[in-house]
Structure formats: structure tokens, C-alpha cells
Amino acid sequence: MTMADEKKNTVQTAASTNIDRRQFFLKMGLGSMGIAAAGTAVFGYQFLSPNVLYEPSPVVNMGKPESYQLDSVTLDVDVRIFVIHSKEGYFSLNAVCTHLGCLTAWKPEIDTIACPCHGSKFNRDGVKIAGPAPKPLSWLKMWLSDEGDLMVDRSAEIRPQQFVRV
Amino acid sequence: MKVNVTRYFEDLQKTKVWRSVFRGGTGTSTLRKSMAIQQNVFLHLLSTKVRKRMIEFNATWYLGTLTLGTFGLLVATGILLMLYYHPSVPQAYTDTKDLQFVVSSGQFLRNLHRWSAHAMVFLVFAHMFRVFYRGAYRPPREFNWVIGVVLLLVTLLLSYTGYLLPWDQLAFWAITVGSNIASAVPVMGDKVRFLMLGGHFVNANALLRFYVLHCMILPLTAIFFVAIHFWRIRKDGGLYARNSEPDVLMTTASTRPMTEPTI
């Protein structure tokens, strides 16, 4: 290595490690703006995401078991669930179609739960028979209250074929 | 009589007040006429000079201008509809019915708003097809095509957000379905839906969010991009008229890497 090369190297190292005042302030400015932007993004996300929701409770009282005849499928459009009284016992299905969220309806003449939006069909156990729905209708947690009413937690999905016997 | 009016107008143009408002452009010289365009805040987005061929019906079928026209109608009727509409769950549907059956001229304004919205979506697509098949998206206008795609998305979002506002069955289920489609976004789909609706269901928060998007955020976004869209027409050499393009542009349009900017 010649002396000229050595000198060049030192100059380069000096230039890459020492930043001048202008660069320092530029980096400080850009850095603090970046931090401010990231903070704004976080605050923005938090602001847009509501902390308290005035939505109805997921737990609903569906009344006395006797009001549901044996072998019947009953839709409650307000709470969007089916209460089904079968030979094995009572159970509840989420009536919201698993395709795109439309409200399904019970069609007794064809013994089928059908969705009006895109034609998905389910049997009374929630199993898909036809249409674009990707999943079966989910079974919802059901129990008897102390007063003997059927209670359903719409937010709690359970494995199928679990019945409430009265 | 006619001569008098013309003379009064000319005299008016010479007054100090007029001159303070309209800086350039009195007189008939080309320079003065150009300055009248260039020095006006509204008109400066447009080219100061255009070829006649460019503004003939045949060149563009006026589809872009018609789209702007429907947008103007939508803003005007939309502002009037806002005077009777409350974006709240108990009132939204009854207000819509009031507009339809009770408010004087309400039905006319609402229908005008709705039909203009349909027309605008149709015209945006027609405009884009026209630009596409004429090859008017090619350099130097390629970035203006991108802005056009943004404007297409804004138009569709305006339609979608406006769909919910009548708060009837059609609105409710359309937005239920639409927001569930949004939740198909990988990984953060459910979060996207939650932020969009401001909750887990299409409810009061969703109605208010869609209202704010429909009446404030999206129209302002549209105006912003329309301004750039128009300004780019001028910067990219004016409206596209095939016959008036330079020969070099016609032969090498697809391979040419850069274009000299024009005024």
C-alpha cells in the first residue's frame, strides 16, 4: 500500500464517522418526525377503535323450554339465533350465515335452513348442504337458568351435538 | 343597446376594483387571453391554449367533463339532503322517508342524487374505457391514469358509503355483506371490519362513520385528486387527441423512457 492510498483511506473513514452539524440536525429532525408520525399512527388507531361499545349483551334469555314444541326450529330475528327442540334435547344455532353474514331462515317445507342472500343451505344441525358458505352454522352455548329459562350465550361457540335436556 | 352593454363592460374592466380582482387578461390579444386563464385560481389548472381538435366532442366524448358534472350535482344535492337527514339509528330511516314524501322537492333532490350517483359510476367507467381504447393512458400521461384509478376507487367508496345512509333493509344487509367481504383481508381482516363499522355489527357507530366518510372525507379526497387530475392534463400536453399527437409520440410511445415536460 502506498502512502497516498493510506491517506485516502483515513480521509474516507473520517468522513463516514464524523457527521457535520447540518447532517446532525437533519437526522435529528427526520428522526423526531418519524417518531411523531409513528405516535400519530398509534393514537389514530386507538382513537378509531372504540373502547366501549353499546352493543346488546351476547347472553339472551329465550324463555321457557315448554314454549318450543318437540321437533321444532324457531328463529328469533332480533337476537339472530335458532332454538331447536329435537328428540335428543334443546340446542341453539347461530342464524347468521357463515358466508357473508346475512340472516338465514327456517324453511319447514324443505326441512332446511336457507340463506336469502347467496343461496347457502344448512340442515337443522347446522351442517352445510349447498351454497357458498365456508363453514357450518355454529352451535351456541345453552343452559337452563335458575328460573328454568333457556339461556344462550351468542359469543360462545361449542362443539356440535351437545344438547340441553330438561 | 348591445353596443352600450359592451362598452359598459369594457369600462367596468378598466376600473380599479376589477383590475384588482382579475389581474391578467383584458383585451383580445393571445397573450391577454392566455393570462386570463393562467392567472385565475380556478382556471389555472387548465391549459392556457388548446387545439380545437382536443375539445371537439369526437376526441373525448366529453366523458370526463360529464363525470365532473355529475360530481357537481351530487355535491349540490347532497348538501341540501344533509339539511334534513340525521345520521342516527332512530331517525335515519324516517328522515329518508320524510325526504321522499314530506319535504318539498325532497323526492326530486333525493332522486337526482341517486341517479347522478349511478350516472357518475357509469361515466367513470366509460371515461376509463375511452381512455384505454384510445391509448390515451400512454406516456406522458401514465401517472394521470394512476390518479384516475384512485378516483375510480373514491367514486366506488362514495357509492358504497352512501348506500348505508337510508338505513333500510337493503342498506343494512348490503353493508353487512360488504363489511364481511372486508373481513376476508388476510390476518387483519376482522380488525379492518371492526374499525370500519366502529363495532361488531352494522349499528349506530357504523352509520355515523359511513356518514362522515360519505359527506366529508371522501368528497374532499375526490376534490383533491380531481384537481391534480386536471392539472396533470395541462402538464402532460393537454387533452389527448390522436391526430394532434406528434408523430414521434405515435411511433415510440410504448418504448420511450422519458418525456420532456410541457407547460
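## Exercises on a two-chain predicted model

B:Trp61 is partly exposed, with a relative accessible area of 41%, where buried means under 20% relative accessible area, exposed over 50% and partly exposed in between (1.4 Å probe, protein chains only). The model is predicted, so that local features need pLDDT of at least 70 and side-chain atom pairs count only at pLDDT 80 or more, while totals for chains, interfaces and linings use all residues. Residues are numbered from 1 along each chain as its sequence is written, chains are lettered from A and ligands numbered from 1 in the order in which they are written, and side-chain values use heavy atoms, with hydrogens and water left out.

### Exercise 1. Backbone geometry in chain B

Task: locate B:Trp61 and B:Trp167, state the phi of each, and find the cis peptide bond.

Solution. Begin with B:Trp61, which is not a glycine and yet has a positive phi of about 55°; its place is the loop between helix 4 (57–60) and helix 5 (63–82) of chain B, helices (H or I, at least four residues) and strands (E, at least two) being DSSP runs numbered from the N terminus. Next take B:Trp167, whose phi is also positive, near 55°, and which lies in the loop between helix 8 and helix 9 of chain B. B:Trp167 is buried, with a relative accessible area of 15%. Finally, the cis peptide bond joins B:Pro139 and B:Pro140, with omega about 5°, and B:Pro140 belongs to the loop between helix 7 (106–134) and helix 8 (142–164) of chain B.

### Exercise 2. Nonpolar cores

Task: determine how many residues the largest nonpolar core has, and which elements supply at least two residues each.

Solution. A nonpolar core is a set of buried Ala, Val, Leu, Ile, Met, Phe, Trp, Tyr and Cys residues joined through side-chain atoms within 4.5 Å. The largest has 35 residues, and those with the most contacts inside it include A:Phe82, B:Trp167 and B:Leu207. At least two residues each come from strand 3 (81–86) and strand 4 (89–94) of chain A, and from helix 9 (169–182) and helix 11 (204–235) of chain B. A second, separate core of 12 residues includes A:Met62, A:Val83, A:Met142 and A:Val164.

### Exercise 3. A serine in strand 4

Task: describe the surroundings of A:Ser92, and say whether it is buried or exposed.

Solution. A:Ser92 is found in strand 4 of chain A and is buried, with a relative accessible area of 0%. Its side chain reaches the backbone oxygen of A:Phe82 at 3.0 Å. Leaving out residues up to four places away in sequence, A:Ser92 touches, among others, A:Ile81, A:Trp139 and A:Met142, contact meaning heavy atoms within 4.5 Å.

### Exercise 4. The interface

Task: characterise the contact between chain B and chain A by residues and by area.

Solution. First, the contact takes 15 residues from chain B and 13 residues from chain A. Second, the buried area (the accessible area, 1.4 Å probe, that two parts lose on being put together, summed over both) is about 1200 Å², of which carbon and sulfur atoms give 65%. Third, B:Trp173, B:Val177 and B:Leu195 supply 35% of the area that chain B buries against chain A, more than any other three residues. Last, the rule finds zero salt bridges across this interface, a salt bridge being a side-chain nitrogen of Lys or Arg within 4 Å of a carboxyl oxygen of Asp or Glu.

Technical notes: Polar contact = N/O pair within 3.5 Å; in protein donor to acceptor, adjacent residues only side chain to side chain.
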